[in-house]
Amino acid sequence: MTTTERGPQQPERTDVDAAFLGSATYRSLGEQTLSPAEERFEKGRRTIGLFLAPLVTLVVALVPLDLPRQQHLLAAVLLGVIVLWITEPVPIPIGGLIGIGAIVVLGVVPADEAVAPFGSTTVFTFIGAFILAQAMLRHGLARRFAMFVLSLRWVGTSTYRVVIAFGAITALLSAFVSNTATVAMLLPTAIGILSVIAKLLQSKGMVEQDFDPLRLRVGVALMLMLAYGASVGGLLTPVGTPPNLIGRGLIEEATGERISFLDWMLMAAPICLLMFCALAFVLLLLNRPEIRRIEGVNEYVRAERAELGRFSVAERNTLIAFGTTVFLWIFPGLIALTAGTESSVYETVSGRLNEGIVAVLGASLLFVLPTNWKAREFTLVWSDAAKIDWGTVVLFGTGIVFGSLLDDTGLALTIGEGSADLLGLTSTFAITVFAVVLAIIISETTSNTASAAVVVPIIIPVALAAGVNPFVPALAATFAASFGFMLPVSTPQNAIVYGSGVVPITKMIRSGFSFDVLGALLIVVVLPVMIDLVLGTPGG
């Protein structure tokens, strides 16, 4: 029988598990399943970026600006790199490396100084967390956690409720655990949930046989809820994220107004709740899940859990490594709650149990906990670890480099002070709006910690010069520093979920910009009201 007599060849059925286990941040057009319209858009976007990035860099470098040469060239290169990140003519990690090469060749800083931030402990957090996530995916622990979440009566039958419930869990955890650590520990479960939804869609014939599970809208909503939900929850307590501690310390030093743990939570709670509602609305509106109701999920979950059976040795070992890491991540926060952040005990514990060091130590346990001691087989082998997305590690390292240079060269300070002078800010409201917008803009291209460290010291003298109490605008800048949702380099959380390969850069930019705007409005409108209700009029 000829091929013609057999009929057209059926497309190969997608292996969902393999797709998620082998996903990567950057995939060429040939590695994706795209519609003709999507392919035309992607080709156009990437072609434009190939020519626009060097053109932007050259024009900015040649335009006469009243800036020191070092700051001028850094601004030119950074704008060119941002164009590369947005348009993706080259893989995003490579775009960052091109930028680092350019700042050294142009003499902005020496090579050793340029690459020094790659030694940041945040980079080690990524490496350790990704290795732990790889073990959870490989041995099925992520799927087991996902089945538990989906088995909850009020969650499992609705994709909308799955996304919202997962975001709520993330936000609550990140109030006491590092945002980065929270996202790192929940990422495998999110991927597990997404793979279950993808298989359900596949089994019910709601997608093509050869569909790309990494391009589902529900996956974008779930992953961005994980990243953004952590940032929202991190605002709830002073220890939720480093910018909170930085901003609080600078504000107390400048104004003499102390912000207690409880006062902070009372001020932040309504803002966090409103932000979370806004986040759920934005993500589910812009990334509407393919199906609203997951029919037959209960039967599917029961069958899958039965197939999983009892915990394997590898699963137990992975759980031990994961649990040890999480406990050590949480432990400094527990000390802060009991002894306070000013105590010597907290300073010692938090200094030694750095989250990056804890992450790599936790990941190392996977290589020493045996699954078969007689055969000297362990929970993970290096070939498994080598499959983690090293591109994301490189990408965030380049983001840290540019953030550090913005601070070290004084470009961030020049932008802040120049903008304040140009705008002629004189009122509390105007300075607060400026503080929020500046903090968000800076946090888009650098870490939220660097944003708080740069912006709050700018805002305090600007407010004092205008005869305004700096408390409200400085605290608003502190909150806004945790924003910056448009690019993978904006926060470690963004980079981690981008590393899943599920979130295209265009969708991160669209969703992130929308939430940036809504969040900024909430901070400007609600925060002054809450400060007045909780603390009265600071300085009054």
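The following legends describe an overview and several close-up views of a predicted model.

Local features are given only where pLDDT is at least 70, and side-chain atom pairs only at pLDDT 80 or more, whereas totals for chains, interfaces and linings use all residues. Residues are numbered from 1 along each chain as its sequence is written, and side-chain values use heavy atoms, with hydrogens and water left out.

**Figure 1. Overview of the protein chain, with 25 helices and two strands.** Helices (H or I, at least four residues) and strands (E, at least two) are DSSP runs numbered from the N terminus. Of the 540 residues, 55% are buried; buried denotes under 20% relative accessible area, exposed over 50%, and partly exposed the range in between (1.4 Å probe, protein chains only). The accessible surface is about 22600 Å², and carbon and sulfur atoms account for 64% of this area. Such areas come from the Shrake-Rupley method with a 1.4 Å probe, and for residues only the protein chains shown count as cover. Of the contacts (heavy atoms within 4.5 Å) between residues at least 6 apart in sequence, 79% join residues at least 24 apart.

**Figure 2. The salt bridge between D384 and R138.** A salt bridge is taken as a side-chain nitrogen of Lys or Arg within 4 Å of a carboxyl oxygen of Asp or Glu. A search of the whole structure returns one such pair. The closest N and O atoms of D384 and R138 are 3.0 Å apart. The pair links distant parts of the chain, 246 residues apart, with D384 in helix α18 (residues 382-385) and R138 in helix α7 (residues 121-138). D384 counts as buried because its relative accessibility is 7%, whereas R138 is partly exposed at 45%. Side chains of opposite charge can pair when their charged atoms come close.

**Figure 3. Surroundings of T57 in helix α3 (residues 36-62).** A polar atom of the T57 side chain lies 3.0 Å from the backbone oxygen of A53. The backbone oxygen of A76 lies 3.4 Å from a polar atom of the T57 side chain. Polar contacts are pairs of N or O atoms within 3.5 Å; within protein, one must be able to donate a hydrogen and the other to accept it, and residues adjacent in sequence count only if both atoms are side-chain atoms. Beyond its neighbours within four places in sequence, T57 contacts A76, V77 and G80.

**Figure 4. Helix α4 (residues 69-87).** The end C-alpha atoms of α4 are 27 Å apart, in agreement with the 27 Å expected for its 19 residues at 1.5 Å a residue; the expected span is 1.5 Å times one less than the number of residues. Because 15 of the 19 residues are buried, α4 is largely enclosed by the rest of the structure. E88 follows α4 and has a positive phi, near 55°.

**Figure 5. Two arginine sites, R161 and R258.** R161 belongs to helix α9 (residues 159-174) and is partly exposed at 33% relative accessibility. Leaving aside neighbours within four places in sequence, R161 contacts W154 and V155. The C-alpha atoms of R161 and A280 are 10.0 Å apart, with the two positions 119 residues apart in sequence numbering. R258 occupies the loop between α12 (242-255) and α13 (261-286), and its relative accessible area of 63% makes R258 exposed. The C-alpha atoms of R258 and L535 are separated by 9.8 Å, although these residues are 277 residues apart along the chain.
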